Amino acid sequence: MTNLELKIPPPVIALSCAAFAWLLAWFMPELTYLSRARVPIAAILVVAGVSLALSGVLAFRKAKTTPSPLTPERATSVVRSGPYRFSRNPMYLGLAVALLGICAYLGNPMTLLAVVALVMYLTRFQIIPEERILLQKFGETYSEYAKSVRRWL
């Protein structure tokens, strides 16, 4: 299944998972619990997720390296600043947190399967191939970074 590696932009995957979450909630309405707290919780999670993802993009721009998830071989440096101090993948983590906010808004626990699907897909078809390329390109520099900072959190 290497033909899916680095092919689909992660935001497209996240939007597909959001649609999957909506379908799960729609097909299983009996599991939906609509609390008034869901709206502010959802808003906080979506804003936090988008902010985290954008801070990752800004850190890449500041380091003058490509934020493109489809061409990791064009990276010019290993970014360790900003959110990259605590996560090797803050852009993807931000997408997952924003999707978690959408799931909170939908109020159906089954929608959490969409978050699991996003994390599993991104890990297998985006992160692992990126890590392979970055290790090949930056060697020990990337290896030491990967040992000191977690993949997700």
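# Exercises on a five-helix chain

Leu6 sits in the segment before α1 (10-27). Helices here are DSSP runs of H or I with at least four residues, strands are runs of E with at least two, and both are numbered from the N terminus. The model is predicted, so local features need pLDDT of at least 70, side-chain atom pairs count only at pLDDT 80 or more, and totals for chains, interfaces and linings use all residues. Residues are numbered from 1 along each chain as its sequence is written, and side-chain values use heavy atoms, with hydrogens and water left out.

## Exercise 1: Leu6 and Lys64

Task: Find out what the phi angles of Leu6 and Lys64 are, and decide whether each residue is buried or exposed.

Solution:

Step 1. Begin with the backbone. Leu6 has a positive phi of about 55°, although this residue is not a glycine. Lys64, also a residue other than glycine, has a positive phi near 60°.

Step 2. Place Lys64 on the chain: it belongs to the loop between α2 and α3 (90-106).

Step 3. Turn to accessibility. Buried means under 20% relative accessible area, exposed means over 50%, and partly exposed lies in between (1.4 Å probe, protein chains only). Leu6 has a relative accessible area of 14%, so this residue is buried. Lys64 has 70%, so that residue is exposed.

## Exercise 2: the whole chain

Task: Describe the fold, and explain why the chain counts as being as compact as a globular protein of its length.

Solution:

Step 1. Count the elements. The chain has five helices and zero strands, and from the N terminus they run α-α-α-α-α.

Step 2. Compare sizes. The radius of gyration is 17 Å, close to the 15 Å that the globule rule gives for 153 residues, so the chain is as compact as a globular protein of that length. That radius is taken over C-alpha atoms, and the rule is 2.2 Å times the number of residues to the power 0.38.

Step 3. Add the box: along the principal axes, the C-alpha atoms fill roughly 50 × 35 × 25 Å.

Step 4. Look inside and outside. Of the 153 residues, 42% are buried. The exposed area is about 8700 Å², with carbon and sulfur atoms supplying 70% of it; such areas come from the Shrake-Rupley method with a 1.4 Å probe, and for residues only the protein chains shown count as cover.

Step 5. Check the contacts, meaning heavy atoms within 4.5 Å. Among those between residues at least 6 apart in sequence, 79% join residues at least 24 apart.

## Exercise 3: aromatic rings

Task: How many aromatic pairs does the structure hold, and which kind do Tyr121 and Phe125 form?

Solution:

Step 1. Set the rule. Rings of Phe, Tyr and Trp (its six-membered ring) pair if their centres lie within 6.5 Å; planes under 30 degrees apart are stacked, over 60 edge-to-face, and the rest tilted.

Step 2. Count: the structure holds five aromatic pairs. One of them joins Tyr121 and Phe125, with 4.9 Å centre to centre and 40° between the planes, and is tilted.

Step 3. Locate this pair. Both residues lie in helix α4 (residues 112-138), four residues apart, about one turn of the helix. Both Tyr121 and Phe125 are buried.

Step 4. Note a cluster too: ring pairs link Trp22, Trp26 and Phe27.

## Exercise 4: two residues of one loop

Task: Which residues do Glu73 and Thr66 contact beyond four places in sequence, and how accessible are Glu73 and Thr66?

Solution:

Step 1. Place them. Glu73 lies in the loop between α2 and α3, and Thr66 is found in that loop as well.

Step 2. Take Glu73. This residue touches Ile133 and Lys137, and its C-alpha atom is 7.1 Å from that of Leu134, 61 residues apart along the chain. Glu73 has 41% relative accessible area, so this residue is partly exposed.

Step 3. Take Thr66. Its contacts are Phe60, Thr71, Arg74 and Ala75. Thr66 and Thr76 are 10 residues apart in sequence and 7.5 Å apart, C-alpha to C-alpha. At 14% relative accessibility, Thr66 is buried.

## Exercise 5: Ala53 in helix α2

Task: Is Ala53 buried or exposed, and which residues does Ala53 contact beyond four places in sequence?

Solution:

Step 1. Ala53 is found in helix α2 and, with a relative accessible area of 13%, is buried.

Step 2. The contacts of Ala53 are Pro90, Met91 and Gly94.
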